[in-house]
Amino acid sequence: MNLNAPAPDFLLPDLDGKFHRLSDYCGQIVVVIFWSAECGWSEQADSAIREYSEAWKGRVFLLRVASNVNETDEMLWDASHARGVDLILKDSTAQVADLYAAQTTPHCFVVDENGLVRYQGAFDDRTFRQRTATRFYLGEAVEALLAGRLPETPETAPYGCTIGRWA
């Protein structure tokens, strides 16, 4: 995925069958997060994002994309309700994950008001050796855009669970 380039548009259904197109959110900041019902890293990202989402309400839209082909609708529904997540988009063939070259859950992309990718990577700076986050890259990127600036750190290496592209 090229930074500062247009984000690839996509059309995906949510868990209720309503379709969402990325370009429908043009003029607003959008966070596209490749998400998993089974991945503990995704669950931790949901908790961290929840702390920011209230402050971002109405100014930033979160589109969580479930691309693991082995996760059933029931699994997605159960995990989204357990985590208090409002909107999950189903990428049942992993086509959008392929379009974005997303490899892990969570893998975050921040799209600005003009539809340009301004951040891509991890939601924070945790690693397998560093278990406690010291930076929230996703939050930093969104806050910079809300303040009219580009993110200081526009790209980081994503980590988490591999997106399952085969059943």
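In the predicted model, the side chain of D112 makes a polar contact with the side chain of R118, at a distance of 2.8 Å. D112 is placed in the loop between β7 and β8, the latter spanning residues 117-121. With a relative accessibility of 5%, D112 counts as buried, because the cut-off for burial is set at under 20% relative accessible area. When residues up to four places away in sequence are set aside, D112 touches Q28, R118 and L145, so that R118 appears both as the partner in the polar contact and in the list of residues touched by D112.

A second buried position is I33, which has a relative accessible area of 2% and is found in strand β3, formed by residues 29-35. Residues up to four places away in sequence again being left out, I33 touches I49, L62, L63, R64 and V65, together with P106, H107, C108 and L138. The C-alpha atoms of I33 and G121 are separated by 9.6 Å, although the two residues are 88 residues apart along the chain.

P106, one of the residues touched by I33, lies in the loop between β6 (104-105) and β7 (107-111). The peptide bond that joins T105 and P106 is cis, with omega at about -5°.

Two residues other than glycine are noted here for a positive phi value, namely N4, with phi near 65°, and A94, with phi near 60°. The surroundings of these residues may be set side by side. N4 has its place in the segment before β1, a strand that covers residues 11-13, and at 48% relative accessibility N4 counts as partly exposed. A94, by contrast, is buried, with a relative accessible area of 1%, and is found in the loop between β5 (88-90) and α3 (95-100).

At the level of the whole chain, four helices and nine strands are present. Read from the N terminus on, the elements follow the order β-β-β-α-β-α-β-α-β-β-β-α-β. Among contacts with a separation of 6 or more in the protein chain, 75% are accounted for by residues 24 or more positions apart. Of the 167 residues of the chain, 50% count as buried.

The overall dimensions were examined in two ways. A compact globule with 167 residues would have a radius of gyration near 15 Å, and the value for the protein chain, 15 Å, therefore agrees with that expectation. Taken along the principal axes, the box filled by the C-alpha atoms is roughly 40 × 40 × 30 Å.

As to the surface, the protein chain exposes about 8,300 Å², of which carbon and sulfur atoms supply 49%. The charged side chains comprise 15 positive and 24 negative ones, and the centres of these two sets lie 4 Å apart.

Methods
Residues are numbered from 1 along each chain as its sequence is written. This is a predicted model: local features need pLDDT of at least 70, side-chain atom pairs count only at pLDDT 80 or more; totals for chains, interfaces and linings use all residues. Side-chain values use heavy atoms; hydrogens and water are left out. Helices (H or I, at least four residues) and strands (E, at least two) are DSSP runs, numbered from the N terminus. Buried means under 20% relative accessible area, exposed over 50%, partly exposed in between (1.4 Å probe, protein chains only). Contact means heavy atoms within 4.5 Å. A polar contact is a pair of N or O atoms within 3.5 Å; within protein, one must be able to donate a hydrogen and the other to accept it, and residues adjacent in sequence count only if both atoms are side-chain atoms. The radius of gyration is taken over C-alpha atoms; the globule rule is 2.2 Å times the number of residues to the power 0.38. Accessible areas come from the Shrake-Rupley method with a 1.4 Å probe; for residues, only the protein chains shown count as cover. Lys and Arg count as positive and Asp and Glu as negative; His and the chain ends are not counted. The place of a charge is taken as NZ of Lys, CZ of Arg, CG of Asp or CD of Glu.
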